[in-house]
Every structure is written in C-alpha cells, then in structure tokens.
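Colleague: I am new to this structure. Pick one charged side chain, take a close look at its surroundings, and then lead me outward from there.

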Amino acid sequence: MSDTENDTVEYNAADGALVIPNQVRPQRIYLLPVTQRPFMPGLVQPVVFEHSPWKGTLDRVSQTPHHSVGLVYVGDDASAEPSVDDMPEYGCLVKVHQASVEDEHLQMVAQGVARFRITGWLSRKPPFLVEVEYPEPDEEDEEMVKAYGLAIVNTIKELLPLNPLYNEGLKAYLQNFSPREPSPLTDFAAALTTASGKELQAVLETVPLLKRMEKVLVMVKKELEVARLQSQISEEVNDKISARQREFFLREQLKVIQRELGLTKDDREADADRFRARLKGKTLPDKVQQRIDDELQKLSVLESGSPEYGVTRNYLDWISSLPWGVLSKDNLDLKHARQILEAHHSGLKDVKERITEFLAVGAMRGEMRGSIMLLVGPPGVGKTSIGRSVAEALGRPFFRLSLGGMRDEAEIKGHRRTYIGAMPGKLVQALKDAGTANPVIMLDEIDKLGASFQGDPASALLEVLDPEQNRDFLDHYLDERLDLSHVLFICTANTLDNIPGPLLDRMEIIRLSGYITEEKLAIARKHLWPRALQRAGVKPSRLKITDAALRQVIEGYAREAGVRNLEKQLNKIIRKAAVKLLAGSGPISVSGRNLEDFLGMPVFRGERHHKGVGVITGLAWTAMGGATLPVEANLVHRDRRGFKQTGQLGDVMRESSDIAFSYVSANAARFGIDPHWFDDASVHLHVPEGATPKDGPSAGVTMATALVSLALNRQPARKLAMTGELTLTGQVLAVGGIREKAIAARRLGIRELVLPEDNRRDFEELPGHIRKGLRVHFASTYDDVFAAVFGR
C-alpha cells in the first residue's frame, strides 16, 4: 500500500480479486478491532477505521502476499483504545480489496472469508500480530442440517419483500457462495439481522453447525416479526396520512361549496379559523403552540352550547390575542426624545436629564429592556404625562394601570380557570390592548396598594418588576410563561414610605419636586391655558388673561406643588367667561383687577414672615410640596419649671421639642443665657395652624433657636429660615426634601437659609434657578446655627 498525491491507497489487479472459500489461509495475521457489530463470514461491505492508530497495521497487511487481516469485535465503545484483554478469542478473517484515506479515516472493502481462533500472540501492541487456526464444524445429521437450512432460507424469503435492503446483501452473498452451503448461509443469515453485537459474537464463536443454525433461526424469526410489525406500523401511518389528506381535500372542497352557495360555517369552525388567523405572523414558544393545538382540538369536539365550550373559547380568545413575538421598533434618537419632553413639559430640567440618560443607556444597548423607573413627587407635577412622553419618544404604545386601592393579587397574576368568570391579570390585558410585547406600562399610584385576605398585590409585583424573573412571568389564567422583559415599566408614587423595601429595591427612583411660581407661570401660559381654551371651544381672541392675573391665580388660589389645581382654576375662569360671551359680551381680558369676579376671594392669604422674640421660621416637607413652619416660644410664668407643646404635633416632633429644651437648658451658659433662667420658667412652645397635623424630626434646630431667642430676649437680625434635626449633644443631622423647602423659602421671599452640612450636596444639585439669590449657612453643630442667627 502506497500513498498517492490524493492520499488514496488502492488494491488493484490480483489484490482486488475475490477470494474463493477453502483457499490456503494464512496462519499468521494482523488484527484490527471493530465496534458495534462483529464482522461475519460471507459479508462483503466497507469498513472504516481511524487513520492514525491503524495506518501502520494496513501498511503491514499490504506487504503480505494474501492481503488478509483479522477483524475482532471489541464492544460498542468506539472511543476506547483496545487492548489484548478486550479482544475475544474468535474473529473473522477478511480479504482487503481496496483501501483509501479520507478525512483522517481509513476506508476499505472487506470480504468475510472464515472464522478463526487465536492460538498465540506474537505482538501485544499495535500492530497486533497473532497465530490462528480455522476451526471447521464436524459432520452433522444431513437431514437435520437440510431442514434447518430450508427453514432459514424460507424465513429470508419472507424478509425480502418487507425490506429492500436485504436484496442487496443477498446478491453480494450469492456472488461468492453457493446457497447450498449451510455454514456460510448460517453466518450470512445472522449478519442480516439487527441483533446486538454480543449475540452475533456468540454466533461467531459457535463452531458446531446445528447448534449455530438453531441460534440463527431464532434470530431470523425474531427479525421477521420485527419487520412485519414495522411494516404494519408504516401501513397504519400511511393510512392515517392518506385519511388526513383526503379529509383536508374534502374540507377544502366543502369550504368552496359553502362559499359558492353563501352558506355560513358552524360556530366551532368559524371560531377555530378566527383563532388560527390571529396567530399568523406571530412567534409562539413550542409549549404555547402545543397548548393552543390541544385547546383547538378540544374545541372541535365540544358542543357549542356546553359550558366547557365557552370556557375553552374564552381561553383561546385571550391567548391568541396576545402579541407573541411582536415587537415595535424603538426610536432611540435622543434629540427626538428631548424635543418631545421639552414640548410637553416646562421646567423639570433635572428630571428630563435623568430620563435622557436612561434612554441613552438603551440606545447604547440597541433596545430598552429590563428597565423599571419610579417617578416620585407630589400630586399634579406631571408624573403620568412624563410616562406618556417617554412612550411617545420611543414610539411605543402606552398603557396606564392604576394600582390605587388594589387588594387582590389576581388583578396582577390573573384568576385560575377553575373559577366562574375567570380573567387574566391586568398585565396580560395591557399586552393585548397594546398589540406589542414591548409597550410602556405605567403602574400608577404604586404607593397606594392595599392587602387583604385575597392576597398582597405588592408581593405579586415583585416578580413583575424584577428583570431577572419577568422573562418567565406566569399568569394563572393562561397557565403559560410570558416574557415581560421587553416591557418598559414606569411607576408613580407620591411618597416612598408605603412601598415595601424589596419592591422599591427593584426600581430606578427619579424624584419630581414641586414647581416654583415662575415654572407654574410658564406651564400655564404654554400648556394649560391654550388647552383649556381648546377644550371649551373658546377662541383665544375672545378671551385673554394677563401674566399678572396668572401669577395672582398661582399665589392666591393654587399654591400647591403641582399644577392640577391651577388647571381647575383656569377652567373655572373660562366657564365664567363663557357665560358672559354667550350673553353677548365682547372680548374679555382677565387681569389682576377683575380676577376676583371670576374666582372670588383668594383662598390663600399672602404668607407673612413671623418675627419677634422667640419666633423662628422653619421649613417643612409635605406631600403637597414644601412649606414654611413658624415656631413660637413664650414664657408663661416663673412659679415652677415646665414645658408645654401645642399645634397638633406628632410623636417624633414632640420628642424633637423635648430634645431642644433639654439641650438649650443644659448649655445655656455657652449661649450667653443665665444658667438659672430655665430653673423656674414655664415655657410654652407652639407651632401655628393647629388644625394641621405635623410630624418629623427636621424642626429640631428651629425649636432650639426659638428657645434661645426667648431666653436671650433677642430676635434674629436678618430674615431667614432653617431646617435640621438636633441631637442631645448638639449635632445637626441631615433631613430630606431640600428642594421643596428651598422653593417654599423663595415663595415667602426668604433669601437666607440654615441647612445641615450633610445636605450641602443636595443643595448644590438643585437647578440653578432655584439656588440663584439664596444665601445658605451649612451647620454641623448647633454652634454653627447660633452663629448664623445671632452672631458671636
């Protein structure tokens, strides 16, 4: 054997001639291992070996005059390297007719000659070389041999019609052996079967002819039964396919006939066709498709008047309406997003920047996925409208779901189908209404979720708002997994206090504070007033309002943090004006002089800056925004020591006042107060507007300063306001709501503030138009507060 340029080795001429049985057989042969099935005498078929380990063996074989090799069965594991212990005693001598190398594999055509038995090992390492003998069967009862032979031949005849592959093997056998030779016939018949390798090896090792023929006849009979069963199964499958094809053609013909005659379909068929039509063009998971097929099959056998039919039909109606795999293309142009936000909202510069940054991350990724935002702020500051603007900027459908007062977790995860009137959850309904799998879903008022014996919706939302879990969201009604990871969730809340910690941890928080007067004025002029005129059908030329009137509306009738009440007041003006216009009045102009004719007396009186000994202005945060909070301290009498607090103070605020009283009493001397001043003083501390509940720790420094002012009989030299929590050791701790408090101070005309040092970063992050003109003293201890208010 020699390698040519195309890496092919051939055995030609005399080497390729077929071997006649009973020719001289070599006593020393090389061995090659085979797996899966042993090679049987009488077979002629190709055999494949790995190139690297057995190339040397075939080189040796090509140099022998007989060009023969022994094939031994070593088991089913083709990856294991065979050893001498793995090789059985019996094998099959084959004549190598042709060999070639292709794709690192050796291929050769082998012709089985005879079985051999290994008598000695000359080489126990590749190439394996052994001494062999060729056992021949003893003479047997001729009649018995003939009977077994006929039985085997008849069985082969029955096999031939069942599998055409048997014909090719039989032709190859008849070219080399006579059909009257029982021993080769027996080996060939065994090779035709699909018996296991161990069973065939047992036949190869059985030398006595009758015993071997008994084994082979059983194997061939079993093969015949398997072939008959396979043929029967094939016929049944073909019959079913034919029946289905026939049924399909008949149904199509029936549809054509019904269409030509104008006949309508029955309810079941019409429903099934409608559901199938909905699913065209959608990408359904395999499990969902299988579920739908099962439900359609069930629908086809149910009576249309049965209750089960209605349940199945409603289920298919819902599951086929969902946008499986339907995604709308995102518009990730940041310039376009900024234009949308600016067109719909005035002010909120920091919020717009946060949302733009949020969209920028999605643009870098190429999609907005796994994103959950939480917009926190007072009522009427535009949280819902910002959500709509984000959806418009992305080009996605928008769906708003109000969670306020929701107490049943089935509203989120759906009812089970076992209940009468069961429905999917609101999220499934949102996907159906949106028509895409990636809408913007606003979960409004998430801080107002309730809980009852029907479950806790907030806990159900944990799965929905977790990007790692919502890709496999399970709705109880559908009972199939839904991918919510493409949905952009935007939540809104007024406060964070009522939102569970694990739920809050899953959201990106963006705070929306209240508007200052200038921002409200711009919003009213650009958005609220034109929209109110359009809704009322009043032409702008017939009704006008001045900026002075708008400012007076803002300060006297709509002082809250948002603009919702401001819009109500503008609508009220338009309603009053509409009556006059319909009465024949000419164009109307609303100004500061005639504003009370439309709105009546102002609801809010102008805030007065309280001043005097023992009076200090504090700053407070409320759900409606920031507010000023004057604190008054007064000496009642000197009969005995006492301290009284009024103004409907909460527990935390009462504790803050006690801490302030204790701190000032203990450190009176360091602030220039008579050390015995508090020994017999009965002090009354009051926070005005006693009908309004108040609580929180941020008034600690304000209360302490009011007590110091009372004891020193001095009032602050300048108009200022303060906030901060005070400890017993005089430390000033950070508080929240710095933006709202700064806006409240500006509204009252206060331009000097005292804030905790730890809130310096919060103040510096405020927009420039809020910080402009404010002078701020940052205090780490109460000594810094005292120095800012009274000087040293």
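Modeller: Start with K298. K298 is partly exposed, because its relative accessible area is 29%, and that class runs from 20% to 50%. The model is a predicted one. K298 has a charged partner, E295: their side chains meet in a salt bridge, 3.7 Å from N to O. E295 is buried, because its relative accessible area is just 5%, where the limit for buried is under 20%. So this salt bridge joins a buried residue to a partly exposed one.

Why can these two meet? Both belong to helix α8, residues 286-301, and they are three residues apart, which means about one helical turn separates them. An α-helix has 3.6 residues a turn, so residues three or four places apart point the same way.

The pair does not stand alone. E295 and K298 belong to a network of salt bridges that also takes in R291, E308, R417 and E480. Across the whole structure, a search finds 32 salt bridges.

Follow the network to E480. E480 sits in the loop between β10 (473-474) and β11 (481-482). Is E480 buried or exposed? E480 is buried, because its relative accessibility is 9%. The side chains of E480 and R291 are joined by a polar contact of 3.1 Å. Now leave out neighbours within four places in sequence. E480 then touches K287, V288, R291, Y315, I319, F473, L474 and D475.

One of those contacts, Y315, leads to the aromatic rings. There are twelve aromatic pairs by the ring-centre rule. Y315 and Y477 make one of them, with a tilted geometry: the centres are 5.9 Å apart and the planes meet at 45°. Their positions in sequence are far apart: Y315 is in helix α9 (residues 307-321), Y477 is in the loop between β10 and β11, and 162 residues separate them. Both Y315 and Y477 are buried. So the loop that holds E480 also holds Y477.

A second ring pair is F763 with F778. This one is edge-to-face, at 6.1 Å centre to centre and 70° between the planes. F763 lies in helix α24 (residues 760-764) and F778 in strand β24 (residues 775-779), 15 residues apart. F763 is buried, because its relative accessibility is 8%. F778 is buried too, at 18%. Elsewhere, ring pairs link Y663, F671, Y782, F786 and F790 into a cluster.

Back to charges, for two more salt bridges. The side chains of D330 and R396 meet at 2.7 Å, N to O. This bridge links distant parts of the chain, 66 residues apart: D330 is in the loop between α9 and α10 (334-344), and R396 is in the loop between α12 (383-394) and β8 (398-402). D330 is buried at 17% relative accessible area. R396 is buried as well, at 7%.

The other bridge joins D547 and R525, again 2.7 Å from N to O. D547 lies in helix α18 (residues 547-556) and R525 in helix α17 (residues 517-536), so the bridge ties together parts that are 22 residues apart in sequence. Here the burial reads otherwise. D547 is partly exposed at 42% relative accessibility. R525 is partly exposed at 31%.

Two helices finish the tour. Helix α23 (residues 738-747) is mostly covered, with eight of its ten residues buried. The buried set is I738, R739, E740, K741, A742, I743, A744 and A745. After α23 comes G749, with a positive phi near 85°.

The other helix is α6 (residues 209-261), which holds I233. I233 is partly exposed, because its relative accessible area is 45%. On the surface, I233 joins L229, V237 and I241 in a nonpolar patch, and the four share about 340 Å² of accessible area.

To return to the start: K298 is partly exposed, E295 is buried, and both are linked in the network that reaches E480.

How values were computed. Residues numbered from 1 in each chain as written. Predicted model: local features only at pLDDT ≥ 70, side-chain atom pairs only at ≥ 80, totals over all residues. Heavy atoms only, no water. Patch = residues over 30% accessible without salt bridge, like charges linked within 9 Å, V, L, I, M, F, W, Y side chains within 5 Å. Areas by Shrake-Rupley, 256 points an atom, 1.4 Å probe, with all protein chains shown as cover. Helix = DSSP H or I, 4+ residues; strand = E, 2+ residues; numbered from the N terminus. Buried < 20%, exposed > 50% of the residue type's maximum accessible area, 1.4 Å probe, protein only. Polar contact = N/O pair within 3.5 Å; in protein donor to acceptor, adjacent residues only side chain to side chain. Contact = heavy atoms within 4.5 Å. Phe/Tyr/Trp six-rings, centres within 6.5 Å; stacked < 30°, edge-to-face > 60°.
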